[in-house]
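Student: Please take me through one part of this model in close detail. I would like the side-chain contacts that tie strands and loops together, with the setting they sit in.

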Amino acid sequence: MTRLVENILPCPQFLEETSPGSPFTRKIGFPVREGFVFLSAHEITWCQASGAYSVIYYGAGKKLLLSKNLTELESLLHTNIFFRVHHSAIINLYKVSRYFRGKGGEVEMEDGSLVAVSAQKKKLLLERYTLPA
């Protein structure tokens, strides 16, 4: 049986100011064939490993294929905003809409994507949110 936890909110200690220069508004340049795509943290929904490549899901159904592995990509992303939930996925903590319980569970992102959470990361992930008692 899958149980659902809705309306989870980031803990206040993990909230970032959205003033210019903060990690949430700072733009990161991602190299593509034609040049660079610039994205700020609030635009990125989640990132997925694809072999030696990574896919960034952002905006309304957009995705960007990078020739960087997930570890390289993780080093560019601010840890108060992004969290590696699985060896193959990094999520934006502000873009999670639901958590589904299970051994590790799954998170549903604002774009409707379901992302698996490893059993080892489940507790750390849930500690990042204020949950009702």
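Tutor: What follows covers the salt bridges, the aromatic pair and the hairpins around them.

The model is predicted. Its secondary structure comes to two helices and 13 strands. The chain has 133 residues, and 39% of them are buried. Take contacts between residues at least 6 apart in sequence: 44% of these join residues at least 24 apart. About 7,800 Å² of the chain is exposed, and carbon and sulfur atoms supply 53% of that area.

Start with the hairpin of β3 and β4. Strand β3 spans residues 27–32 and strand β4 spans residues 35–40. They pair in the antiparallel sense, over six bridges. Two residues join β3 to β4 in the hairpin. For a register mark, take Gly29: its bridge partner in β4 is Phe38.

Now the charges. Five salt bridges turn up in a search of the whole structure. One of them pairs Lys27 with Glu43, with the closest N and O atoms 3.8 Å apart. Lys27 belongs to strand β3, while Glu43 sits in the loop between β4 and β5, so this salt bridge ties together parts that are 16 residues apart in sequence. How covered is Glu43? Glu43 is partly exposed, at a relative accessible area of 25%.

Next, the salt bridge between Lys95 and Glu110. Their side chains meet at 3.9 Å, N to O. Lys95 lies in the loop between β9 and β10, and Glu110 lies in the loop between β11 and β12, so the pair links parts that are 15 residues apart in sequence. Which partner is buried, and which is exposed? Lys95 is buried, with a relative accessible area of 17%. The cut-off for buried is under 20%, so Lys95 qualifies. Glu110 is exposed, at 52%. The cut-off for exposed is over 50%, so Glu110 qualifies too.

A further salt bridge joins Arg98 to Glu108. The closest N and O atoms are 3.7 Å apart. Here both partners come from strands: Arg98 from β10 and Glu108 from β11, so the pair ties together parts ten residues apart in sequence. Arg98 counts as partly exposed, at 31% relative accessibility. Glu108 counts as buried, at 19%.

Turn to the rings. The structure holds two aromatic pairs. One of them is formed by Trp46 and Tyr57, and it is stacked. The ring centres are 4.6 Å apart, with 10 degrees between the planes. Trp46 is in strand β5 and Tyr57 is in strand β6, residues 53–58, so the pair links distant parts of the chain, eleven residues apart. Trp46 is buried at 7% relative accessibility. Tyr57 is buried as well, with a relative accessible area of 17%.

Last, the hairpin of β8 and β9. Strand β8 covers residues 82–86, and four of its five residues are buried. Strand β9, residues 89–92, pairs with β8 in the antiparallel sense over four bridges. Two residues lie between the strands of this hairpin. Arg84 has Ile90 as its bridge partner in β9. A charge also meets a ring: Lys121 lies over the face of Phe83, at 5.8 Å from the ring centre.

Conventions
Residues are numbered from 1 along each chain as its sequence is written. This is a predicted model: local features need pLDDT of at least 70, side-chain atom pairs count only at pLDDT 80 or more; totals for chains, interfaces and linings use all residues. Side-chain values use heavy atoms; hydrogens and water are left out. Two strands pair if DSSP finds at least two bridges between them. Buried means under 20% relative accessible area, exposed over 50%, partly exposed in between (1.4 Å probe, protein chains only). Contact means heavy atoms within 4.5 Å. Accessible areas come from the Shrake-Rupley method with a 1.4 Å probe; for residues, only the protein chains shown count as cover. A salt bridge is a side-chain nitrogen of Lys or Arg within 4 Å of a carboxyl oxygen of Asp or Glu. Rings of Phe, Tyr and Trp (its six-membered ring) pair if their centres lie within 6.5 Å; planes under 30 degrees apart count as stacked, over 60 as edge-to-face and the rest as tilted. A charge sits over a ring if NZ of Lys or CZ of Arg is within 6 Å of the ring centre and within 35 degrees of the ring normal.
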